[in-house]
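Work through the exercises below with the model open beside you, and try each task before you read its solution.

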Amino acid sequence: MRNIVVSTMVGLDGCFDGPNRDLSRLPMDDFFSAHNAERMQAAEVLLFSGRRTYQDFNGYWPTQLTSDDAALRLIARRCEELPKVVVSDQWQAPPTGAWAPTTTVVRRAEAADQLTRLKREGDGDIVMFGGRALTNALFAAGLVDELHVMIAPVMVPHGIRAFDEDVLPSLRLVDVRRYEGSENTLITYRRA
């Protein structure tokens, strides 16, 4: 059975996103890239929390296929290869472009049922990077199996908190990791 794995980065204040989706306060360093490459290696499906996030990824990752950084190339290649599920009520027309053949759009009202079915269909991970609204909805539905939180030693002024306190289930700490040369800390939890 597949696991739904949510991976996100937050500041010390628990915020992941600043005003106007500004992520510039969060240090996305080599540790961040290495962790994301690791998650992509384990992924069988990429889960996107909406049209805009999908389009952001689709606009950026193809440009990294020829990067000098091996982790970025791996992530870009896996983005090309993996099936993608976009949970969105905003997307009226089917996606176009290079990723279109591997992309399925699911309406929010159908997401829990569709993701429950996807969990039963394989052994790898269904990986989602960030996405506050969908993350909280998946926690509320009891569908998140694992949570990876990279904590950066910064504050995100006027930021948006990553998690709603009333939807987080009991979590069990399974790992804490550091990376030489990085001030970030990665904490991994599984549903208790």
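The exercises that follow concern a predicted model, and they move from a pair of helices to pockets and then to single residues.

**Exercise 1. Describe how helix α1 and helix α3 pack, and state which residues make the contact.**

Solution. Begin by finding the two helices, since α1 covers residues 30–42 and α3 covers residues 70–81. Their axes lie 9 Å apart and make an angle of about 35°, and the crossing of α1 and α3 is left-handed. Next, look at the residues that meet: α1 brings Ser-33, Ala-34, Asn-36, Ala-37, Met-40 and Gln-41, while α3 brings Ala-71, Leu-72, Leu-74, Ile-75, Arg-77, Arg-78 and Cys-79. Finally, sort the residues of this contact by character, which gives 8 nonpolar, 3 polar and 2 charged.

**Exercise 2. Find the largest pocket, and work out which element gives the most to its lining.**

Solution. The volume of the largest pocket is about 1,100 Å³. It is lined by 38 residues, and those closest to its centre are Arg-21, Leu-23, Thr-53, Phe-57 and Phe-129. Then ask where the lining comes from: at least two residues each are supplied by β1 (3–10), β2 (15–17), α1, α2 (51–60), α3, α5 (132–140) and β7 (146–151). The element that gives the most is α2, with 6 residues. By character, the lining of the largest pocket holds 17 nonpolar, 13 polar and 8 charged residues.

**Exercise 3. Do the same for the second largest pocket, and state which element gives the most to its lining.**

Solution. The space in the second largest pocket comes to about 240 Å³. Among the 15 residues that line it, Val-10, Gly-14, Arg-161, Phe-163 and Leu-168 are the closest to its centre. The element that gives the most to this lining is β7, with 3 residues. The lining of the second largest pocket divides into 10 nonpolar, 2 polar and 3 charged residues.

**Exercise 4. Decide whether Thr-53 counts as buried or exposed, and name its contacts.**

Solution. First place the residue, for Thr-53 lies in helix α2 and is one of the residues closest to the centre of the largest pocket. Now compare its relative accessibility with the cut-off: a residue is buried under 20%, and Thr-53 has 19%, so it counts as buried. If neighbours within four places in sequence are left aside, Thr-53 is in contact with Arg-21 and Phe-48.

**Exercise 5. For His-158 and Asp-89, work out where each residue sits and how its accessibility should be classed.**

Solution. His-158 is found in the loop between β7 and β8 (160–161). Its relative accessibility is 72%, and because exposed means over 50%, His-158 counts as exposed. Its backbone also deserves attention: most residues other than glycine have a negative phi, yet His-158, which is not a glycine, has a positive phi of about 55°. The C-alpha atoms of His-158 and Ala-37 are separated by 29 Å, the two residues being 121 residues apart along the chain.

Asp-89 is found in the loop between β4 (84–87) and β5 (103–106). At 37% its relative accessibility falls between the two cut-offs, so Asp-89 counts as partly exposed. With neighbours within four places in sequence left aside, Asp-89 is in contact with Arg-107 and Arg-108. Asp-89 and Arg-77 are 12 residues apart along the chain, and their C-alpha atoms are separated by 28 Å.

Note on methods:
Residues are numbered from 1 along each chain as its sequence is written. This is a predicted model: local features need pLDDT of at least 70, side-chain atom pairs count only at pLDDT 80 or more; totals for chains, interfaces and linings use all residues. Side-chain values use heavy atoms; hydrogens and water are left out. Axes are lines fitted to C-alpha atoms, for helices over the stretch in contact, and angles run from 0 to 180 degrees between N-to-C directions. Helices (H or I, at least four residues) and strands (E, at least two) are DSSP runs, numbered from the N terminus. A crossing is left-handed if the near helix is turned anticlockwise from the far one by less than a right angle, and right-handed if clockwise. Contact means heavy atoms within 4.5 Å. Ala, Val, Leu, Ile, Met, Phe, Trp, Tyr, Cys and Pro count as nonpolar, Asp, Glu, Lys and Arg as charged, and the others, Gly among them, as polar. On a 1 Å grid over the protein atoms alone, a cavity is a set of points where a 1.4 Å probe fits but cannot get out, and a pocket is an open set with protein on both sides within 12 Å along at least five of seven lines; lining residues have an atom within 4 Å of a point. Grid points are joined across faces, edges and corners, and a volume is the space filled by probe spheres set on the points. Buried means under 20% relative accessible area, exposed over 50%, partly exposed in between (1.4 Å probe, protein chains only).
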